[in-house]
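User: I am new to this structure and would like to understand the reasons behind the terms used for it. Could we go through some of them step by step?

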Amino acid sequence: MSSNKIIIYTDGSSRGNPGPGGYGVLMMFGSHRKELSGGYRLTTNNRMELLAVIKGLESLKKNDLPVVIYSDSQYVVKAVKEGWLNNWIRTDFKGGKKNKDLWKHYHAISRQFRIDFIWVKGHAENPHNNRCDQLATEAADGKDLQVDEGYESEK
């Protein structure tokens with residue numbers, strides 16, 4: 001791992017989609033590692049994939065280093081890299097685009113960082129992605145699950 005950038009692996013999980021869900025984050029900088037996870041009683045996989053990215057960025061204490069985010073979510077990676085998100089924001093999520101609350105939150109926080117997204121194949125041979133999957137599924141299966149207010153208020 002290069003010590004001049006922050007590496008973040010993320011994953012989201014939902015049992016039922018919608019159903020109980022969770023996110024997992026593995027952050028690395030030089031020899032430092034940090035894991036984050038959380039579970040929600042009713043949510044979707046896409047929301048948890050995006051929330052994992054947000055939680056990783058929110059936990060950063062510095063914004064002067066490049067950030068590389070590895071995600072197995074084509075929804076998240078393509079939305080950012082292919083400009084879907086900029087279009088959604090420009091049109092105020094016209095046409096019922098989902099997860100407006102989380103996308104707006106991501107957009108606001110992401111402006112503090114230099115972020116590059118890299119898509120990785122899920123459930124494959126990447127041990128960091130597999131660890132995030134484990135964190136996310138354990139969080140989804142946990143007790144005392146939080147309320148995903150953004151999701152539940154839309155219902």
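Analyst: A strand here is a DSSP run of E with at least two residues, and strands are numbered from the N terminus. In this predicted model, Asp 11 lies in strand β1, which covers residues 6-14.

User: Why is Asp 11 said to have no salt bridge?

Analyst: A salt bridge needs a side-chain nitrogen of Lys or Arg within 4 Å of a carboxyl oxygen of Asp or Glu. For Asp 11, which is buried, the nearest side chain of opposite charge is that of Arg 15, 10 Å away, so the cut-off of 4 Å is not met. The residues that Asp 11 touches include Tyr 23, Met 48, Glu 49 and Asn 129, not counting residues up to four places away in sequence.

User: How many aromatic pairs does a search of the whole structure find, and why is the pair of Trp 84 and Trp 88 called tilted?

Analyst: The search finds eight aromatic pairs. The ring centres of Trp 84 and Trp 88 are 6.2 Å apart, within the 6.5 Å limit, and their planes stand at 50°, which is neither under 30 nor over 60 degrees, so the pair is tilted.

User: What makes Trp 88 buried and Trp 84 partly exposed?

Analyst: Buried means under 20% relative accessible area, and exposed means over 50%. Trp 88 has 10% and therefore counts as buried, whereas Trp 84, with 33%, falls in between and is therefore partly exposed.

User: Why is the pair of Trp 88 and Trp 103 called edge-to-face?

Analyst: Their planes are 65° apart, which is over 60, and their centres are 5.6 Å apart, so the pair counts as edge-to-face. Trp 88 lies in helix α3 and Trp 103 in helix α4, so this pair ties together parts that are 15 residues apart in sequence.

Key: Residues numbered from 1 in each chain as written. Predicted model: local features only at pLDDT ≥ 70, side-chain atom pairs only at ≥ 80, totals over all residues. Heavy atoms only, no water. Helix = DSSP H or I, 4+ residues; strand = E, 2+ residues; numbered from the N terminus. Buried < 20%, exposed > 50% of the residue type's maximum accessible area, 1.4 Å probe, protein only. Lys, Arg positive; Asp, Glu negative; His and termini not counted. Contact = heavy atoms within 4.5 Å. Phe/Tyr/Trp six-rings, centres within 6.5 Å; stacked < 30°, edge-to-face > 60°.
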